[in-house]
Amino acid sequence: AILRHHLGVLLETDSLPMLLIAEASFSEHRELQERMQAMLSAYLQTLERLLAEEPRKRRGLEPAELAMLLMGLPAALAIRHRLLPDAKLEERLKGPVVEELLNRLLSS
């Protein structure tokens with residue numbers, strides 16, 4: 001649900017969150033960087049906690065590793081949406097592709 005939500009937000013805002021993250025990462029404004037780091041850290045910790053509660057085996061992957069992999073799909077979608085838009089693919093990413101990714105990452 002978290003992943004689907006973030007994919008939807010990216011599409012609804014024309015990938016604005018990823019643009020803001022990129023801008024903050026290059027900014028010399030220390031407070032902005034610290035706020036962005038805190039937000040991303042909290043997001044990753046939430047994913048890691050949820051993944052640690054998942055009862056299935058995860059092919060030897062730790063929750064922190066899985067969280068990073070799951071964070072990659074929204075980033076890839078944002079890049080694709082901005083540079084190579086494909087409405088049919090974007091719609092599939094919000095549904096069956098998310099399910100397939102989760103099944104593969106979380107299957108034993």
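These are my notebook entries on a predicted model of a protein chain.

**Entry 1. Overall layout**

I began with the secondary structure, which comes to 6 helices and 0 strands. Reading from the N terminus, I noted the order of elements as α-α-α-α-α-α. I then looked up the extent of the chain: its C-alpha atoms fill a box of roughly 45 × 35 × 20 Å along the principal axes. The chain has 108 residues, and buried residues make up 29% of them. I also looked up how contacts are spread along the sequence. Among contacts between residues at least 6 apart in sequence, 66% join residues at least 24 apart.

**Entry 2. Helix α4**

I turned next to helix α4, which covers residues 63-83. Does the span between its ends agree or disagree with the expected value? With 21 residues at 1.5 Å a residue, the helix should span 30 Å, and its end C-alpha atoms are 31 Å apart, so the two values agree.

I then asked which residues of α4 are buried. The list reads Pro63, Leu66, Ala67, Leu70, Leu73, Pro74, Leu77, Ala78 and His81. Looking down the axis of α4, I found that these buried residues fall within an arc of 135°, and they therefore line one face of the helix. I recorded a general point beside this: an α-helix has 3.6 residues a turn, so residues three or four places apart point the same way. On the other side of α4, Ile79 and Leu83 are exposed.

What covers the buried residues of α4? The cover includes α1 (2-12), α2 (16-26) and α3 (30-53). It also includes α5 (87-94) and α6 (96-106).

**Entry 3. The loop between α1 and α2**

I examined two residues of this loop, Asp14 and Ser15. For Asp14, phi is near 60°, a positive value in a residue other than glycine. Ser15 is not a glycine either, and I noted a positive phi of about 70° for Ser15.

Is Ser15 buried or exposed? Ser15 counts as buried because its relative accessibility is 1%, and the cut-off for buried is under 20%. Leaving out residues up to four places away in sequence, I found that Ser15 touches Leu10, Ala78, His81 and Arg82. Two of these contacts, Ala78 and His81, are listed among the buried residues of α4. Asp14, by contrast, is partly exposed, with a relative accessible area of 38%.

**Entry 4. Salt bridges**

I searched the whole structure and found 6 salt bridges. I looked at several of them in turn.

The side chains of Asp14 and Arg82 meet in a salt bridge, at 2.9 Å from N to O. This pair links distant parts of the chain, since Asp14 lies in the loop between α1 and α2 while Arg82 lies in helix α4, 68 residues apart. Arg82 is partly exposed, with a relative accessible area of 41%.

Glu34 forms a salt bridge with Arg30, and their closest N and O atoms are 3.4 Å apart. How far along the helix are these two residues separated? Glu34 and Arg30 are 4 residues apart in helix α3, so about one helical turn separates them. Glu34 is partly exposed at 42% relative accessible area, and Arg30 is partly exposed at 45%.

Asp86 forms a salt bridge with Arg80, with the closest N and O atoms 3.6 Å apart. I noted both partners as partly exposed: Asp86 has 28% relative accessibility, and Arg80 has a relative accessible area of 32%.

**Entry 5. Helices α5 and α6**

My last entry concerns a pair of helices. Two packed helices are described by the angle between their axes and the distance between the axes. I therefore looked up both values for α5 and α6: the axes come within 3 Å and cross at roughly 45°. The two helices are therefore oblique to each other. Which residues make the contact? On the α5 side they are Arg92, Leu93 and Lys94. On the α6 side they are Pro96, Val97 and Val98.

Key
Residues are numbered from 1 along each chain as its sequence is written. This is a predicted model: local features need pLDDT of at least 70, side-chain atom pairs count only at pLDDT 80 or more; totals for chains, interfaces and linings use all residues. Side-chain values use heavy atoms; hydrogens and water are left out. The expected span of a helix is 1.5 Å times one less than its number of residues. Buried means under 20% relative accessible area, exposed over 50%, partly exposed in between (1.4 Å probe, protein chains only). The arc is that of the directions from the helix axis to the C-beta atoms. Contact means heavy atoms within 4.5 Å. A salt bridge is a side-chain nitrogen of Lys or Arg within 4 Å of a carboxyl oxygen of Asp or Glu. Axes are lines fitted to C-alpha atoms, for helices over the stretch in contact, and angles run from 0 to 180 degrees between N-to-C directions. Angles under 35 degrees count as roughly parallel, over 145 as roughly antiparallel, 65 to 115 as roughly perpendicular and the rest as oblique.
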